[in-house]
Amino acid sequence: MSYQKIIIVGNLGRDPEMRYTGSGTPVTSFSVATNRRWTGSDGSQQEETAWFRVSAWRRQAEVAAQYLSKGRQVMVEGRLQVDPETGVTGILKYVHV
């Protein structure tokens, strides 16, 4: 597992979901889509979408749950956590949180 600082600017893919840990700490989860567009070598327009799963904690979790909604543009600054995860096919993949 490694950690890095990251800034993500994109749109929410769904409404945030807030929950509480066993000790009562609020956590809000949401997904952010970022898009990259470029012109391919053949002159055609290309587009790529990358999805990030974001977790906000404590007061930031409460604010995110109150003000964010699907489709809104957001900027998220935090650390990138890369965890190995095995998909349903059994192939190891990496998930950005």
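Start with the largest pocket: in this predicted model, its volume comes to about 600 Å³. To land in the middle of the pocket, select V54, S55, A56, V76 and E77, which sit closest to its centre out of the 22 residues that line it.

Next, colour by element. Strand 1 (2-12), strand 4 (45-57), helix 1 (58-67) and strand 5 each give two or more residues to the lining of the largest pocket. Put strand 5 on top of your list, since the biggest share of that lining, 8 residues, comes from there. Now switch to colouring by residue class: the lining of the pocket splits into 15 nonpolar, 4 polar and 3 charged residues.

Stay on strand 5, which spans residues 73-86, and pick out M75 along the strand. Is M75 buried or exposed? It counts as exposed, because its relative accessibility is 58% and the cut-off for exposed is over 50%. Add I7 and V9 to the selection and turn on the surface: together with M75 they make up a nonpolar patch, with about 310 Å² of accessible area between the three.

Finally, zoom out to the whole chain. You should count 1 helix and 6 strands. Trace them from the N terminus and the order reads β-β-β-β-α-β-β. One last selection to try is the buried set: 29% of the protein's 97 residues count as buried.

Technical notes
Residues are numbered from 1 along each chain as its sequence is written. This is a predicted model: local features need pLDDT of at least 70, side-chain atom pairs count only at pLDDT 80 or more; totals for chains, interfaces and linings use all residues. Side-chain values use heavy atoms; hydrogens and water are left out. Patches are made of residues with over 30% relative accessible area and no salt bridge: like charges are joined within 9 Å, nonpolar side chains (Val, Leu, Ile, Met, Phe, Trp, Tyr) within 5 Å. Accessible areas come from the Shrake-Rupley method with a 1.4 Å probe; for residues, only the protein chains shown count as cover. A salt bridge is a side-chain nitrogen of Lys or Arg within 4 Å of a carboxyl oxygen of Asp or Glu. Helices (H or I, at least four residues) and strands (E, at least two) are DSSP runs, numbered from the N terminus. Buried means under 20% relative accessible area, exposed over 50%, partly exposed in between (1.4 Å probe, protein chains only). On a 1 Å grid over the protein atoms alone, a cavity is a set of points where a 1.4 Å probe fits but cannot get out, and a pocket is an open set with protein on both sides within 12 Å along at least five of seven lines; lining residues have an atom within 4 Å of a point. Grid points are joined across faces, edges and corners, and a volume is the space filled by probe spheres set on the points. Ala, Val, Leu, Ile, Met, Phe, Trp, Tyr, Cys and Pro count as nonpolar, Asp, Glu, Lys and Arg as charged, and the others, Gly among them, as polar.
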